[in-house]
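Me: Could you take a close look at a single part of this model and describe it for a first-year student?

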Amino acid sequence: MSEFQKERHFSRKRFVKAGGALIVGLSLGGPTASAGAKGVAGYQPPLGPYGPDVSQLDTWLAIHADNTVTLYTGIIPLGTGSITGVLQIAADELDVPFSAMRVVTADTSRTADQFVSSGSRAISSHGVPIRQAAAEARAFLVNLASTTLGLPVAELTVTDGVVSGGGKSTTYGQLLGDKLFNAQITGKAKAKTPADYKIVGTSVPRIDIPGKAAGTHTFVQNIRLPGMVHGRVVRPPASGATLLKVKGFKKAIPGAQIVRKGDWLGVVAPREYDAIQASLMVDAVWSDWSGLPPIASLEKAIREAPLYNPAEHPNDLRPGQAFPSSPISLNTGNVDAALAAAAKKLSITYTTPYHSHGSIGPSCGVAMWQGNQLTVWSASQTPYGTREAIAKFFGLPNNNVRLISVEGSGCYGQNGSDDATLDAAIMAQAVGKPVRVQYMRWDEFGWENYKSARVFDMNGGIDANGRVVAWKSESWGFTGYGRPEFHEPAHGGEPGSLISAQLTGWSGAEVEEGQGGGAPTPGNYSVPNAWSKFNYLGAPSPRRGALRIKTGSMRTVNGYDNTFASESLFDELAALAGIDAVQFRLNHMTNPRTIAALRAAADTAGWQYRPSPNPNRQGRVLSGRGVSVSGTVASVFEVTVDTKTGKITVPRITTAIDAGQHVNPDMIASQVEGAVTQGISRVIREQVTWNASGITSRDWVTYPILRMTDTPRAINVVLLPHQDLPSSGVGEPPQNGVGAGVANAVFDATAVRMRSTPLSPPRVRAMLKAAGVA
Amino acid sequence: LEVSLASKLKIKVNGLVHSVTASLDTPLLYVLHNELRLHGPRFGCGLAQCGACSVLLDGKEIRSCVTPVAAVSGKAITTLEGLPAMWSSSRGTTAASPAALHPLQQAWIDEQVFQCGYCQNGMIIQAADLLTTVKRPTEDQIRTALNGHLCRCGTNIRIIRAVQRAAAVMTKGGK
């Protein structure tokens with residue numbers, strides 16, 4: 001393992017001996033000075049601890065005199081295009097052209113708390129109240145027009161924001177331009193029927209893209225404030241090390257200051273490059289720590305890790321929330337008896353490694369104190385939860401902290417954004433100036449909320465006719481969450497889940513919301529005897545837990561891992577039965593939407609129905625195809641395997657997806673392409689590595705991801721919309737099956753099962769060699 | 001004693017000469033972002049590994065995160081923001097006309113390439129470098145040229161399509 005690059009480049013600068021290093025302590029206080037946000041229509045809704053009242057129409061929408069409309073949404077822009085999607089939904093309900101729509105995204109001083117922008121829910125879940133608000137607004141405006149025009153509502157029509165009837169007309173802007181609705185959302189206004197959609201279901205170009213092309217788009221990394229200085233964090237050299245002493249700087253850096261709170265250490269300097277230098281020149285003494293197990297014994301360490309005990313974490317749940325009463329999430333029939341009676345059976349262990357989110361832009365937060373009022377600019381996915389966590393950290397009421405969402409580099413789950421926001425707030429308070437903190441590459445990769453490694457013991461049995469009669473899964477893993485936020489319907493956040501807070505010595509509650517998202521199931525397949533148990537190992541971090549690697553939610557949470565196990569097992573059972581992998585799946589399916597997706601993927605890919613492995617396995621480079629299904633997404637993967645080098649190439653993928661109502665077909669296609677491409681990267685490249693003291697995969701050499709030359713030649717996306725059904729998510733589901741689908745294709749090509757990822761060349765070569773193929 | 005004293009420097013960015021104050025070894029990226037307030041080149045790794053910070057130096061792609069500002073004196077830097085003017089001037093039209101985007105930027109819009117877009121600066125800059133030397137690159141030439149740039153959203157396929165689209169437009173001399 002090559003060492004990640006840090007010192008080589010950044011330590012080349014030479015400095016004079018330190019003058020007096022300024023160490024700034026932390027203190028609260030100062031005069032109050034803060035102005036609330038002004039809405040586009042000049043309206044500042046009254047704010048509760050979780051933002052404006054969601055039952056008020058004015059919380060969601062403002063009609064302007066020029067007949068434009070502003071939508072206020074608590075969703076944050078993640079780079080998925082979902083802001084454009086919800087604008088389509090609102091425009092369609094309002095009967096205004098898409099071009100009339102403006103948007104304000106999450107800002108705790110103005111927008112509704114729409115909880116967390118994650119889980120592929122922007123359209124499917126968060127779009128629902130937006131559609132209702134827009135329907136209510138339209139009804140309100142038509143009623144107003146009825147009075148103004150002296151015509152019954154039934155005689156009025158709306159086109160492009162113009163209300164017409166009886167030869168007369170008025171516009172939304174004339175009716176309510178820059179005035180308040182002053183109306184409750186009644187829930188009575190009826191949304192359109194899908195047959196009447198004009199904008200939903202069309203590929204409206206994304207609103208953020210022109211600015212991104214021109215270079216005028218503002219990422220949170222681009223936020224600048226008057227008098228702002230630059231901060232960098234100084235993370236411990238070993239994950240569990242404590243900070244014994246800070247002596248100052250080894251060399252002088254103009255204007256640099258050190259900020260310390262417990263084991264949390266940071267530096268601030270007027271110039272960004274000086275802040276970077278300062279972070280490397282802090283003369284600090286840390287304790288030794290070397291508590292991580294060898295990577296080679298990870299599976300053993302996970303199996304032996306103690307289970308999470310809710311009794312030890314009494315503050316981790318909110319009233320009304322509960323952990324599952326049993327780790328056994330599925331128990332139908334009698335799985336052990338069915339396994340014993342099965343004609344053929346398999347008992348297999350699958351493992352997946354830790355993964356990094358791998359945002360291209362390291363996380364960034366910007367903070368400004370005005371007295372005891374704090375404003376932060378953040379790419380957090382949980383604007384209200386993170387706001388509350390920060391407020392709690394500083395002992396302030398929620399409304400003393402305002403979080404303004406600004407798009408960051410794509411996060412794919414909880415990257416370092418929440419922590420960087422808190423870091424900036426700590427530094428800004430200490431130095432009395434606005435501070436922008438961006439992580440260095442090694443900070444982001446080294447102190448992540450990694451996707452947990454998982455271990456799966458899978459058993460399956462088939463009868464003499466090739467039907468699966470028994471399916472059994474026992475799995476182990478750490479949390480799938482770790483956000484400073486409770487999911488809906490609960491509100492609120494805790495700093496305890498943030499590593500930055502933990503380093504300061506914060507010992508309050510962490511946030512848990514279940515047991516890491518659960519275990520594999522047979523999913524789409526009818527299996528009479530099925531049993532699944534998940535051994536939940538809690539939420540570790542570098543500062544606590546049995547295996548001190550912090551875990552959190554990454555795209556699909558555990559869907560990628562669970563589907564790797566479940567769809568690999570099903571594929572192995574198909575091969576055991578000697579039945580084609582697609583046909584075998586169809587034989588066990590009942591959901592017509594899933595069946596349609598699988599058939600569409602197979603037909604489009606030109607699937608040749610035959611059992612795996614490929615009977616033609618001659619030569620150095622072998623080729624094969626594999627399939628996987630997850631929810632209403634089915635994919636076919638075509639691979640080649642160089643048996644000499646172990647290199648896997650995935651030239652062509654076909655994915656069929658039924659996401660219910662498709663709001664923007666091209667954005668769905670884009671999400672599928674991205675999810676699949678990233679999924680390929682995860683299965684053939686990615687693995688977090690460490691030594692006894694900490695994470696070692698801390699740059700793009702030590703944490704390699706898919707490159708352009710290894711990109712699939714074609715990703716064929718087949719859309720199977722049902723416009724009359726609710727939307728379901730599209731960002732994550734297409735990624736669930738990628739690991740299994742690729743591994744199944746490699747089996748088809750080589751007759752060797754790949755049960756442990758990543759399928760990187762040396763590992764594949766070793767697995768092929770062990771099986772006598774290479 | 002040696003100090004990282006800030007120096008007054010002149011650098012030429014997007015056709016204009018700017019006076020900036022920075023120590024000579026400050027990587028160009030921080031000057032472009034913090035002094036010139038440009039949003040195109042972005043910090044990704046600081047190690048020349050990802051390409052988010054790319055700019056053109058006399059038409060060739062470089063990594064501004066590892067290029068000392070002193071090394072660019074007397075040379076012309078073009079950032080994402082400067083591509084429209086570069087395209088105009090390459091066709092002999094005035095750079096001042098409010099900017100038809102560079103065909104690459106337009107192709108990135110037409111193909112709806114961006115997801116988060118953080119890396120795309122580098123992709124576009126590298127493609128601009130490529131298309132000055134290879135007018136109609138093959139798909140493999142595009143893949144190879146862009147292989148030193150990382151995209152995490154997985155927009156790779158659309159990036160390739162966008163370069164092909166732009167190349168077609170540019171060989172016809174624009175739209």
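Reply: What follows is a close look at strand β15 of chain A and its partners.

This is a predicted model, in which local features need pLDDT of at least 70 and side-chain atom pairs count only at pLDDT 80 or more, while totals for chains, interfaces and linings use all residues. Residues are numbered from 1 along each chain as its sequence is written, chains are lettered from A and ligands numbered from 1 in the order in which they are written, and side-chain values use heavy atoms, with hydrogens and water left out.

Strand β15 of chain A covers residues 364-370; strands here are DSSP runs of E with at least two residues, numbered from the N terminus. Six of its seven residues are buried, so β15(A) is largely enclosed by the rest of the structure, where buried means under 20% relative accessible area, found with a 1.4 Å probe on protein chains only.

β15(A) pairs with strand β16 (residues 373-378) of chain A in the antiparallel sense, over six bridges; two strands count as paired if DSSP finds at least two bridges between them. Within this pairing, M368(A) stands opposite T375(A) of β16(A). The two strands form a hairpin with two residues between them, and there G371(A) takes a positive phi near 65 degrees.

β15(A) is also joined by four bridges to strand β18 (residues 435-438) of chain A, and these two strands run antiparallel. Here C364(A) is the residue that stands opposite Q438(A) in β18(A). As a general point, strands of a sheet pair through backbone hydrogen bonds, either parallel or antiparallel.

Terms used
Buried means under 20% relative accessible area, exposed over 50%, partly exposed in between (1.4 Å probe, protein chains only).
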